[in-house]
Amino acid sequence: MSPDEDARLHDLFHDAVREVTPADRLGEIRRRTAYRPGRSRRRRALVVLAAGTATAAVVGISALVGTLRHDAPPAADRPKPYPAAVYFVAETPIGPRLYREFQTVAGSTDPATRVLDALQRMETGAGPDDPDYRTSWPDGSFRSVSVDDAGITIELADVAVPAPSGVARDAVALSVQQAVHTADAAIGSPLPVAFEQDGVPLSEVLGVAVEPTTTRLTRVEAPVNISDPAEGLVTGARWLSVRGQVTPVAAERPARVAYELSSATGTIGAGDVAVEGQSWSMTIDLADYAPGSYTLKAWSADDPTVAEATDTRTFVVR
Amino acid sequence: MSHEYDADAAIERLYLDHWDQLVRLSVLLVRDTGQAEEITQDAYVELHRRWARLDDHDRALAYLRQTVVNRSRSALRHRGVVQRHLARQHVVDVAPPADEPVLADSRRQQVLDALQRLPRRQREVLVLRYYLELSEAEIAETLGISRGAVKSHASRGSAALRPLLGDNDLKGGDR
């Protein structure tokens with residue numbers, strides 16, 4: 001290669017990707033690096049951070065009050081909306097289980113606000129995007145949240161204390177764990193959760209007895225969960241990235257997840273993928289997919305007793 | 001200050017400084033922007049996970065670069081498997097994509113196509129040399145091959161791309 005050809009190749013390569021404008025994924029990276037269960041170090045680090053940002057939030061609010069008559073703060077100063085992990089309940093052959101869904105909520109640097117925003121997505125007025133999921137938390141259940149190094153305290157409204165009518169008791173029993181999972185995910189740390197009303201600890205939530213604090217139980221999670229894509233995703237991209245989690249039901253954790261892809265006219269693909277650790281993923285080439293709605297179903301390929309505990313996602317190819 | 005805090009701050013810095021460039025690096029290797037974003041995002045998450053075990057934090061960018069190259073390579077391998085699998089399984093007729101994304105400049109497309117046709121090592125060496133402008137020694141280290149191998153992959157790969165320089169000469173060579 002002559003120096004001239006070297007220079008031209010350099011230009012050729014730079015020019016080839018000049019127009020590529022990568023999407024902003026910092027929020028997604030932060031979300032994925034914030035949650036690391038079972039690490040006490042992390043917990044302390046987060047709590048320190050929480051105290052620091054709480055002060056910052058107060059300063060932020062007084063600054064905002066001062067300028068309220070003018071404009072909102074510049075976009076760069078406002079936290080961006082982010083995908084919060086919100087848990088819902090769905091039936092499986094082994095009883096109700098928790099399924100995780102990502103929903104976009106307003107961003108906040110204040111941990112208590114993040115928890116409250118995510119919890120309010122569990123109320124029936126907001127609720128799941130996936131039609132198979134449900135929730136027993138009535139509208140207005142969650143009033144406020146406080147976070148300190150001992151745990152998360154959730155202040156509930158009157159409506160969240162008695163058993164909700166017309167909801168099966170075993171589904172309600174998972175509601176407390178639903179709140180604990182969602183609150184812990186919002187803060188990125190498995191802290192215990194206490195439920196209070198007017199500052200007084202509650203002994204009953206949605207008609208179910210609770211201990212002074214409740215910790216997260218992973219065994220109530222779905223055997224196989226699809227995390228991405230989000231329900232109803234509309235995509236024009238060529239590749240669809242699919243990710244999910246598995247939760248062992250018995251001593252053996254599933255080694256493979258089976259999937260089936262279907263369109264309005266029937267099944268168009270099926271197979272299985274290996275589980276790595278507790279997660280699984282695959283990439284689907286959408287190049288030959290006609291515009292329309294598609295459904296992806298996933299379940300444990302190894303354990304016939306939970307094969308009917310499926311998770312499904314619908315996505316739309318533009 | 002804890003390691004975790006260091007990692008959060010370092011990842012953020014590396015994101016601001018290098019995100020666009022690393023996604024573009026992956027686009028040159030795998031062609032698809034969405035997939036390149038996924039790959040690069042995974043590389044940042046992996047670096048965060050390994051932060052405490054990294055001997056030399058000044059080498060974080062080199063590590064990130066290497067992870068993007070490795071993950072782009074396995075994505076291509078995985079893509080082949082899934083494509084073959086779904087091709088076997090398809091039972092309904094599907095119309096051609098309505099809006100196949102078309103790059104405005106067909107030469108850009110030709111460059112990306114030509115790269116996809118190159119043997120994997122040649123493609124990686126060329127992209128690291130001409131896009132990231134790494135030295136022979138840095139390329140050798142990133143790919144875990146000898147400097148001699150870098151030289152020979154570079155010369156074969158460049159020769160394969162030479163027709164692109166002739167037929168589609170750079171317009172307005174002011175860059």
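Q: How many cavities of 30 Å³ or more does the structure hold, and what is the volume of the largest cavity?
A: The model is predicted. Counting cavities of 30 Å³ or more, the structure holds one. The largest cavity has a volume of about 50 Å³.

Q: Which elements give two or more residues to the lining of the largest cavity?
A: The lining of the largest cavity consists of A:Tyr87, A:Leu98, A:Arg100, A:Glu221, A:Ala222, A:Asn225, A:Gln245, A:Val246 and A:Thr247. The elements that give two or more residues to this lining are strand S2 (97–105) and strand S11 (239–246) of chain A.

Q: How many residues of each class, nonpolar, polar and charged, are in the lining of the largest cavity?
A: The residues of the lining include A:Leu98, A:Arg100 and A:Asn225. Sorted by class, the lining has four nonpolar, three polar and two charged residues.

Q: Which strands are the edge strands of the open sheet S3-S4-S5-S6 in chain A?
A: Four strands of chain A form this open sheet in the order S3-S4-S5-S6, with mixed pairing. An edge strand here pairs on one side only, and this applies to strand S3 (142–148) and strand S6 (200–201) of chain A.

Q: Which residue of S5(A) stands opposite A:Ile152?
A: Strand S4 (residues 151–156) and strand S5 (residues 193–197) of chain A pair in the parallel sense over four bridges. Opposite A:Ile152 in S5(A) stands A:Val193.

Q: How many residues lie between S12(A) and S13(A) in their hairpin?
A: Strand S12 (residues 256–263) of chain A is joined by eight bridges to strand S13 (residues 266–274) of chain A, and the two run antiparallel. In S13(A), A:Gly269 is the bridge partner of A:Leu261. The hairpin formed by S12(A) and S13(A) has between its strands two residues.

Q: Which residue of S15(A) stands opposite A:Tyr259?
A: S12(A) is mostly covered, with six of its eight residues buried. Six bridges join S12(A) to strand S15 (residues 292–300) of chain A in the antiparallel sense. Opposite A:Tyr259 in S15(A) stands A:Ala298.

Q: Is H2(B) mostly covered or mostly exposed, and how many of its residues are buried?
A: Helix H2 (residues 33–50) of chain B has 18 residues and reaches 26 Å from its first C-alpha to its last, close to the 26 Å expected at 1.5 Å a residue. H2(B) is mostly covered, and the number of its 18 residues that are buried is 14.

Q: Which residue has a backbone nitrogen within 3.3 Å of a side-chain oxygen of B:Asp32?
A: This contact lies at the start of H2(B). There, the side-chain oxygen of B:Asp32 reaches to within 3.3 Å of the backbone nitrogen of B:Gly34.

Definitions and conventions:
Residues are numbered from 1 along each chain as its sequence is written. Chains are lettered from A and ligands numbered from 1 in the order in which they are written. This is a predicted model: local features need pLDDT of at least 70, side-chain atom pairs count only at pLDDT 80 or more; totals for chains, interfaces and linings use all residues. Side-chain values use heavy atoms; hydrogens and water are left out. On a 1 Å grid over the protein atoms alone, a cavity is a set of points where a 1.4 Å probe fits but cannot get out, and a pocket is an open set with protein on both sides within 12 Å along at least five of seven lines; lining residues have an atom within 4 Å of a point. Grid points are joined across faces, edges and corners, and a volume is the space filled by probe spheres set on the points. Ala, Val, Leu, Ile, Met, Phe, Trp, Tyr, Cys and Pro count as nonpolar, Asp, Glu, Lys and Arg as charged, and the others, Gly among them, as polar. The expected span of a helix is 1.5 Å times one less than its number of residues. Buried means under 20% relative accessible area, exposed over 50%, partly exposed in between (1.4 Å probe, protein chains only). A polar contact is a pair of N or O atoms within 3.5 Å; within protein, one must be able to donate a hydrogen and the other to accept it, and residues adjacent in sequence count only if both atoms are side-chain atoms. Two strands pair if DSSP finds at least two bridges between them.
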